[in-house]
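Subject: Structure for you to look at

Dear colleague,

I am handing over a structure, shown just below, and after it you will find notes on what turned up when it was examined. Please read the notes with the model open beside them.

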Amino acid sequence: MIMMKSFTKSQFNIKYGTIIQGKWHQNSYKVIRELGSGANGTVYLVDFNGNKAALKISFEPMTVTSEVNVLKSFSKAQGVTLGPSLLDVDDWVIGTQQYSFYVMEYVEGVHLIPFIRKNGMTWLPILILQLLKDLGDLHKQGWVFGDLKPDNLIVAGPPIKIRCIDVGGTTPIGRAIKEYTEFFDRGYWGLGSRKSEPSYDLFAIGMIMINSCYPQRFLKKEGGIQQLTQAIDASQELRKYKSVLIKALTGKYQTADAMRKDLLKILNGQTVSDQKRTVRRRSYNYNQTRQRKSRRSWVMGVIETILIFILISLLYVYYILGNIF
Amino acid sequence: MRPGTLKQILLITDGCSNHGENPIAMAALAKEQGITVNVIGVMENDVIDEYGMREIEGIASQGGGVSQVVYAQSLSQTVQMVTRKAMTQTLQGVVNQELKQILGSEVTMENLPPDKRGEVLEVVDELNETVNLEILILVDTSLSMKHKLPTVKEALLDLSLSLNARTGNNQFSLFVFPGKRKDVEKLLDWTPKLESLTTVFNKLTPRGMTPTGPAIKEAIKHFGKKRSLKGLLSGDHDEEFYEESI
């Protein structure tokens, strides 16, 4: 939708068979085809010594550096399989121009929504459970994924496993979210801040589930939890997970694990307790009645004072009149 | 490196200026004083004409900032993106300057080896999060902007949501042009809470002219006012550091 290119120059168009050679490490990659392109660069499928890999190249070297930083910390944290593993970082020099690129594992698979459309809704909660597990690990390492959305999720396999392919939005916990997509951003819906904390990602998971049942997405009307609740109620599939969804969308889950447990409960036919919410509502009502009560007693007090005042004045007038006559 | 203060002017307009000083020259004047000028062109169905487009790009490039032309409906995301991008750009400039002083005139972030580049970027990210930001928003309220104003309001509230998630402090100020009697009118003085614009924004009445140049000129002055007031209370040495290095 963004029309101008004043500082975002035109896209890459690298032809099949082009050899991209790194300036620092001298590795050569042969371009097979384009996998996708976004605002931050283009991803190509490449051949490296007979193996397939994904190469992301960008006009902005700092975009590459920033994503590489994230991927590196992923590989440092063992057991985190959320993102692709990093293979190489380098610069490609052609003529006077220099472009930065990095090479990562090629995750072969289908995007989340087409996968569900093809294989059925049964897979949705299962993939979400997988995602919540990996996300929980990521949070424990001190990171928040940030720009979580179906476009960044690939279902690989068999065995079926959900993976994230774009880690550009990953932010250390406690900072401001770097990148987001409105539909999956709790700030856009008026349901929270853009501070990176686990509950930010869990909101996005809730929206990914909603998006799976509304592939066209929808625009914000009145926003807030009302509109999203309506959307959940209108879908037979989403109604099953309503309790978990509402809790995720209103930031009630502090950890991915808590959400995962509740989702498992539903899948096993148990009900999810809404305890926190009912308690809060009750205490709210309590406060309200107390307020009303105190207001009533205040009014009574004023009436009492006025009555006493009138009575005393009458007595005084009576007394004075009595003195005169 | 201790975080100082970044100063930005965010200009939201839908076309050409037609009154007063040349806005590109005024943007140059802003840059000379360490203030970055970013421009967002709002269009609607139709395309902005060539001349307006050139002016928008000209103001931003002269003002050391970022420009983007968008449809009204994608304004929210663009406003925050442009602001963040300009912050990074300025901070990278500062870091490059430091690198040149340490490693010699030819060295910038881009020609460091990838590993070192990553470490330097972590410094930029850190600064981005903690630096204080003063952002003066200039909204074009000429007649043609009339029905885009509610969207502009939404976008600005969204911007404060994004920026207030940072650790660093933010100060916002809002000016509109043309104003009631003058070319420019101050709607909101420096405040950390941009949310307070909701009430003032609803009372706006769009008028004819588009005095972009005078608006930028007035905006620059407003930064000065703040600094001198603050300077009485405490010496802000950090600010000078950023001004020099841009």
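The second largest cavity is bordered by Thr65(A), Val68(A), Lys72(A) and Val89(A), together with Pro114(B) and Arg117(B); on a 1 Å grid over the protein atoms alone, a cavity is a set of points where a 1.4 Å probe fits but cannot get out, a pocket is an open set with protein on both sides within 12 Å along at least five of seven lines, and lining residues have an atom within 4 Å of a point. Two or more lining residues come from each of α1 (61-76) of chain A and α4 (114-130) of chain B, with helices (H or I, at least four residues) and strands (E, at least two) taken as DSSP runs numbered from the N terminus.

This is a predicted model, in which local features need pLDDT of at least 70 and side-chain atom pairs count only at pLDDT 80 or more, while totals for chains, interfaces and linings use all residues. Residues are numbered from 1 along each chain as its sequence is written, chains are lettered from A and ligands numbered from 1 in the order in which they are written, and side-chain values use heavy atoms, with hydrogens and water left out.

The volume of that second largest cavity is about 30 Å³, where a volume is the space filled by probe spheres set on grid points joined across faces, edges and corners. The search of the whole structure gave 3 cavities of 30 Å³ or more.

The second largest pocket has a volume of about 150 Å³. Its lining includes Leu132(A), Asp137(A), Pro198(A) and Arg260(A), and the largest share, 6 residues, is supplied by α3(A).

Helix α3 also bears on a sheet in chain A, an open one of 3 strands in the order β7-β9-β10 with antiparallel pairing, two strands being paired if DSSP finds at least two bridges between them. Because β7 (109-111) and β10 (161-164) of chain A stand at the edges with a single partner strand each, one side of each is left without a neighbour in the sheet. Between β7(A) and β9 (residues 153-156) of chain A there are 3 bridges, and His111(A) lies opposite Ile154(A). Helix α3 (residues 123-140) of chain A packs on this sheet, touching β9 and β10 of chain A (contact means heavy atoms within 4.5 Å), and its direction makes about 50° with that of β10(A), given axes fitted to C-alpha atoms, for helices over the stretch in contact, and angles from 0 to 180 degrees between N-to-C directions.

With best regards
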